[in-house]
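Open the model in your viewer and keep the sequence panel beside it. Each stop below gives a selection to make and a note on what is there.

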Amino acid sequence: MLEIIFTDRCNQCGDCVTVCPTNVLALTERQPRIADPFACQTCFMCELYCSEDTLYVHPDPERLHHPSPAHIAASGLLGQYRRDSGWDEWAQDPAHQNEHWRMDAVFTLARSRLPA
Ligand code: SF4
Ligand code: SF4
């Protein structure tokens, strides 16, 4: 689920609000905010489209973990999904092509809810 917006990195482009399929994000005076965290599907689209690596989505689709912003900022996780998906400046780097494995928890959950 979407946990953190590092507003100091944000360029106010609004792309994260546009791409979110479930309206988790909203803009207030061009600044994105988390309006409905429990609507998050953990699809990582907001991370993928954020060119400033401003957002952190925790891979757990079930609950919020409230990680320390300082820890996440120092962890190297910001921008990891965009980079490892081979987007933007990473498009020509064969080492970073796809990281959709991070959605495994989402798919596992969906499978567990299918009728037997
Ligand atoms: S996509 Fe990133 S830079 Fe653009 S408004 Fe959202 S958080 Fe800010
Ligand atoms: S991870 Fe997906 S559903 Fe969650 S806030 Fe980002 S774009 Fe929206």
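The tour starts with the whole chain and then moves from one selection to the next.

**Stop 1: the whole chain**

Remember throughout that this is a predicted model. Show the protein as a cartoon. You should find 5 helices and 4 strands. Trace them from the N terminus: the order is β-α-β-β-α-β-α-α-α. Now switch on a surface. Of the 116 residues in the protein, 41% are buried. Contacts also reach along the sequence. Taking the contacts with a separation of 6 or more, 54% join residues 24 or more positions apart.

**Stop 2: the cysteines**

Select the cysteines and show their sulfur atoms. How many disulfides does the count come to? It comes to 0. The cut-off here is a pair of cysteine sulfur atoms within 2.5 Å. Pick out Cys-20 next. Cys-20 has a relative accessible area of 13%, so it counts as buried. Then pick Cys-46. Its relative accessible area is 9%, and it is buried too. Keep both displayed for a later stop.

**Stop 3: the largest cavity**

Turn to the empty space inside. Rolling a probe the size of a water molecule over the atoms shows where such space is left. The count gives 2 cavities of 30 Å³ or more. Go to the largest, with a volume of about 110 Å³. Select Cys-10, Asn-11, Cys-13, Cys-16 and Cys-50. Among the 16 lining residues, these five lie nearest the centre of the cavity. Colour the lining by class. There are 8 nonpolar, 5 polar and 3 charged residues.

**Stop 4: the second largest cavity**

This cavity holds about 80 Å³ of space. Cys-20 and Cys-46, still on display, are among the residues that line it. Add Leu-2, Pro-21, Thr-22, Val-24 and Leu-25, which are also in the lining. Then add Cys-40, Gln-41, Thr-42, Cys-43 and Phe-44 to complete the set. How many charged residues does this lining have? It has none: the lining is made of 9 nonpolar and 3 polar residues.

**Stop 5: Glu-29 and Gln-31**

Select Glu-29. It sits in the loop between strand E2 (25-28) and E3. Is Glu-29 buried or exposed? It is exposed, because its relative accessibility is 76% and the cut-off is over 50%. Check its backbone as well. Glu-29 is not a glycine, yet its phi is positive, at about 50 degrees. Most residues other than glycine have a negative phi.

Step on to Gln-31, in strand E3 (residues 31-34). Draw a distance from its side chain to that of Gln-12. The two side chains make a polar contact of 3.0 Å. Now display the contacts of Gln-31, leaving out neighbours within four places in sequence. They are Thr-7, Cys-10, Gln-12 and Ala-26. Cys-10 also appeared at Stop 3, by the centre of the largest cavity.

**Stop 6: Asp-53**

Select Asp-53, in the loop between helix H2 (45-49) and strand E4 (55-57). Its phi is positive, near 50 degrees, and Asp-53 is not a glycine. Buried or exposed, which is Asp-53? It is buried, because its relative accessible area is 15% and the cut-off is under 20%. Find Arg-82 and join the two side chains. The polar contact between Asp-53 and Arg-82 is 2.9 Å. Beyond four places in sequence, Asp-53 touches Arg-9, Leu-78, Gly-79 and Arg-82.

**Stop 7: Asp-84 and Gln-97**

Move to helix H4 (residues 80-84) and select Asp-84. With a relative accessibility of 12%, Asp-84 counts as buried. Its side chain makes a polar contact of 2.9 Å with the side chain of Arg-83. Next, draw a line between the C-alpha atoms of Asp-84 and Ala-95. They are 7.7 Å apart, with the two residues 11 apart along the chain.

Finish at Gln-97, in the loop between H4 and helix H5 (104-112). Gln-97 counts as exposed, at 57% relative accessibility. From C-alpha to C-alpha, Gln-97 is 8.0 Å from Trp-87, and the two are 10 residues apart in sequence. Which residues does Gln-97 touch, not counting those up to four places away in sequence? They are Asp-84, Ser-85 and Gly-86. That takes you back to Asp-84, the buried residue in H4.

Note on methods. Residues numbered from 1 in each chain as written. Chains lettered and ligands numbered in written order. Predicted model: local features only at pLDDT ≥ 70, side-chain atom pairs only at ≥ 80, totals over all residues. Heavy atoms only, no water. Buried < 20%, exposed > 50% of the residue type's maximum accessible area, 1.4 Å probe, protein only. Helix = DSSP H or I, 4+ residues; strand = E, 2+ residues; numbered from the N terminus. Polar contact = N/O pair within 3.5 Å; in protein donor to acceptor, adjacent residues only side chain to side chain. Contact = heavy atoms within 4.5 Å. 1 Å grid on protein atoms, 1.4 Å probe; cavity = no way out; pocket = protein on both sides within 12 Å on 5 of 7 lines; lining within 4 Å. Points joined across faces, edges and corners; volume = space filled by probe spheres on them. Nonpolar A, V, L, I, M, F, W, Y, C, P; charged D, E, K, R; others polar.
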